[in-house]
Amino acid sequence: MSSCNGAASTRKRQRLSEDEAVTDGAQFAGRVGLVTGAASGLGRSVATGLAASGARLVLMDRDADGLKDTAMHCPGAMVVAGDVSRGADMERAADALDALGPVSLLVTAAGILGPTVPLADVTEEAWDRLFAVNVKGTWLALKHVLPRMIAGSGGAVVTLASGAGLAGNATFPAYSASKGAVVLMTRSVAASHTAQGIRANCVCPGPIETPMLRETFASAGDCAADREVFFRARNPMGRFGTPEEVRAAVLFLLGDAASYINGVALPVDGGRLA
Ligand SMILES: NC(=O)c1ccc[n+]([C@@H]2O[C@H](COP(=O)([O-])OP(=O)(O)OC[C@H]3O[C@@H](n4cnc5c(N)ncnc54)[C@H](O)[C@@H]3O)[C@@H](O)[C@H]2O)c1
């Protein structure tokens, strides 16, 4: 067998299929939590995985129709349509949690890509919106959910940052800056609240097949196909990740198997940052 074929068969084994990705029985039975960004992509995948493992969830997103679709696969879930960057909307989502019982899970997946231009070309308006959603939206979720976890028996937080939050990025530098803030916000939660029963970790995906990845390529206009080839080629696995592969990492970090893992920023990127 040629070395090329050997590499291809290795790649095949490395891919987690949708069938085998979910779930560990009732791992999260009786646990209550909030998932933001639940209408699409990674948030939807995490929400359905948690629900299939027994969690009772509040699902939040600005996309009301997408939320309804996700909720159809999350038995007993409540939906709150709203903007994560607005305190009043986040408060509504947190209040909805109170109807389900003591809160012990938080996943913040709502996020936007923002402008894919050099920093000097980013408009003030686009910068403010990017940081309002990615940074303030994560903070608001923590602000409203952490006190509830602390008042109960503690809990586990997973924020969705990005590989672009761990290294500089020339394609979307403003996004990179916003995700760097998410990484250190998450680690600061671990540094501050562990004694109160909170574990907080961050998942840092590389390019994952979701609508946001398609937006990343589309933003290159006529060069969209070239950008996709470039992103694929610079990944050691030569492919993009799947939502199921990110979900597996998020559920692991939320679960009891990760009981001594706290304050990490875990790349899920096929080795892109290796
Ligand atoms: N897909 C990737 O390649 C990738 C890589 C690294 C990090 N991420 C991060 O993972 C998270 C999920 O991304 P995705 O790929 O699933 O993207 P996506 O676009 O498929 O989903 C993002 C969701 O967030 C919601 N959202 C956006 N702004 C909102 C707001 N202001 N209020 C409420 N909801 C809002 C959207 O409606 C959407 O449902 C994001 O934080 C993203 O930055 C994604």
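Select first the residues that line the largest cavity of this predicted model: by class they comprise three nonpolar, four polar and no charged residues. In this classification Ala, Val, Leu, Ile, Met, Phe, Trp, Tyr, Cys and Pro count as nonpolar, Asp, Glu, Lys and Arg as charged, and the others, Gly among them, as polar. The residues to highlight are Thr36, Val84, Thr108, Ala110, Val133, Gly137 and Thr138. Helix 6, residues 124-151, contributes the most to this lining, with three residues. The volume of the largest cavity is about 30 Å³, and a search of the whole structure finds one cavity of 30 Å³ or more.

The terms are defined on a 1 Å grid over the protein atoms alone: a cavity is a set of points where a 1.4 Å probe fits but cannot get out, a pocket is an open set with protein on both sides within 12 Å along at least five of seven lines, and lining residues have an atom within 4 Å of a point. Grid points are joined across faces, edges and corners, and a volume is the space filled by probe spheres set on the points. Helices (H or I, at least four residues) and strands (E, at least two) are DSSP runs, numbered from the N terminus.

Residues are numbered from 1 along each chain as its sequence is written. As the model is predicted, local features need pLDDT of at least 70 and side-chain atom pairs count only at pLDDT 80 or more, while totals for chains, interfaces and linings use all residues; side-chain values use heavy atoms, with hydrogens and water left out.

**The largest pocket**

Move next to the largest pocket, which holds about 960 Å³ of space. Its lining has 45 residues, and the closest to the pocket centre are Gly111, Ile112, Tyr175, Thr210 and Met212. To see the helices involved, colour helix 3 (41-52), helix 6, helix 7 (173-193) and helix 8 (211-218), each of which supplies at least two lining residues. Helix 8 provides the largest share, five residues. The lining divides by class into 22 nonpolar, 13 polar and ten charged residues.

**The second largest pocket**

The second largest pocket contains about 160 Å³ of space. Select Arg239, Gly241, Glu245, Asp269 and Gly270, which are the closest to its centre of the 14 residues that line it. By class, this lining has six nonpolar, five polar and three charged residues.

**Four residues to inspect**

Begin with Ser85, in the loop between strand 3 (78-81) and helix 5 (87-98). Ser85 counts as buried because its relative accessibility is 7%; buried means under 20% relative accessible area, exposed over 50%, and partly exposed in between (1.4 Å probe, protein chains only). Apart from neighbours within four places in sequence, Ser85 is in contact (heavy atoms within 4.5 Å) with Arg129, Ala132, Val133, Lys136, Gly137 and Leu140. Among these contacts of Ser85 are Val133 and Gly137, which also belong to the lining of the largest cavity. A distance label from Ser85 to Arg148 should read 20 Å, C-alpha to C-alpha, across 63 residues of sequence.

Go on to His73, in the loop between helix 4 (64-71) and strand 3. With a relative accessible area of 54%, His73 is exposed. His73 touches Thr48 and Ala51, not counting residues up to four places away in sequence. The C-alpha atoms of His73 and Ser85 are 26 Å apart, although twelve residues separate them along the chain.

Gly30 lies in the loop between helix 2 (18-21) and strand 1 (32-36). Gly30 is exposed, with a relative accessible area of 54%. Leaving aside neighbours within four places in sequence, Gly30 is in contact with Gly54 and Arg56. Between Gly30 and Ala55, 25 residues apart in sequence, the C-alpha distance is 5.9 Å.

Finish this series at Glu228 in helix 9 (residues 224-233). Glu228 counts as buried, at 18% relative accessibility. Beyond residues up to four places away in sequence, Glu228 touches Arg214, Phe217 and Phe240.

**The whole chain**

Now zoom out to the full chain, which has ten helices and seven strands. Its C-alpha atoms fill a box of roughly 55 × 50 × 35 Å, taken along the principal axes. Buried residues make up 50% of the 274 residues. Of the contacts with a separation of 6 or more, 71% join residues 24 or more positions apart.
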